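Trainee: Please take me slowly through one single part of this model, with each term explained as you go.

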Amino acid sequence: MSRKPAILFVCLGNICRSPLAEAAMRAEAERAGLDIEIDSAGTSDWHVGKPPDPRSVEVARAWGVDIAHSRARQVCEDDFRRFTHIYAMDDQNLADLRAIAPADATAETSLILDTIRGREGASVSDPYYDGEDQFEFTWQDVTTAARAIARRIAG
Ligand code: 4NP
C-alpha cells in the first residue's frame, strides 16, 4: 500500500512564500476531499517562531484564508523521511535542501513550479523585497501549483 501523501513546502524564511503554498494546498486538498498532511518550513533559521510577513497574511486573507496563526520553522533532516514530497520555491532552496538531505531520505524533492506544464525549472520569485503586488503573483503561482498537485494525487 502506498503511503498517505505528506507534502512540505520550503522557501528561505518560511514567512512569505511557503506559508502561502501551504495555505493554498490546504484549500485545494479540502476542495478535492484529499486526506493529506501539509506543512511548510524555511531553509534558514532567520525567522523561526515568527508569524508570516503581514503582506502574506493580507493576500491570503483577501483570498479567504487565515494564515496569521502559522509560525516559521527551519527544515530538518527528519522532514526528508516524514514527508513524501518536498517542494522548493526556488533553485537556491532546492540546492540548500539537496545539501542537507540525509542518506536515507525518502521524500521526492523538486521545484514547486515543476508541477505546472510549461513552467518546469522556474522559481517562485522571492517577494520579500518587493511590493504588495508581488505577493499576489506569489499567491497565483502557489495556487496554480497546488491545483496541479491535488489533481496528481486525486489521480
Ligand atoms: P520567503 O521570503 O523565503 O518566501 O519566506 C523571505 C523572507 C525573509 C527574507 C528573505 C526572503 N530575509 O532576507 O529575511
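Mentor: A pocket, on a 1 Å grid over the protein atoms alone, is an open set of points where a 1.4 Å probe fits, with protein on both sides within 12 Å along at least five of seven lines, and its lining residues have an atom within 4 Å of a point. The model is predicted, with local features needing pLDDT of at least 70 and side-chain atom pairs pLDDT 80 or more, while totals for chains, interfaces and linings use all residues. Residues are numbered from 1 along each chain as its sequence is written, and side-chain values use heavy atoms, without hydrogens and water.

The largest pocket holds about 160 Å³ of space, and Cys11, Leu12, Gly13, Asn14, Ile15, Cys16, Arg17, Trp46, His47, Asp126, Tyr128 and Tyr129 line it. By class, this lining comprises seven nonpolar, three polar and two charged residues, where Tyr and Cys count as nonpolar and Gly as polar.

The ligand takes up the space of this largest pocket, in the sense that more than half of its atoms lie within 2 Å of the grid points. Among the residues around the ligand, each with a heavy atom within 4 Å of it, are Trp46, His47 and Asp126. For polar contacts (N or O atoms within 3.5 Å), an oxygen atom of the ligand lies 2.9 Å from a polar backbone atom of Leu12, one lies 3.3 Å from such an atom of Asn14, and one lies 2.9 Å from a backbone N or O atom of Cys16. The protein buries 94% of the 350 Å² that the ligand exposes when taken alone, by the Shrake-Rupley method with a 1.4 Å probe.

Technical notes:
A polar contact is a pair of N or O atoms within 3.5 Å; within protein, one must be able to donate a hydrogen and the other to accept it, and residues adjacent in sequence count only if both atoms are side-chain atoms. Grid points are joined across faces, edges and corners, and a volume is the space filled by probe spheres set on the points.
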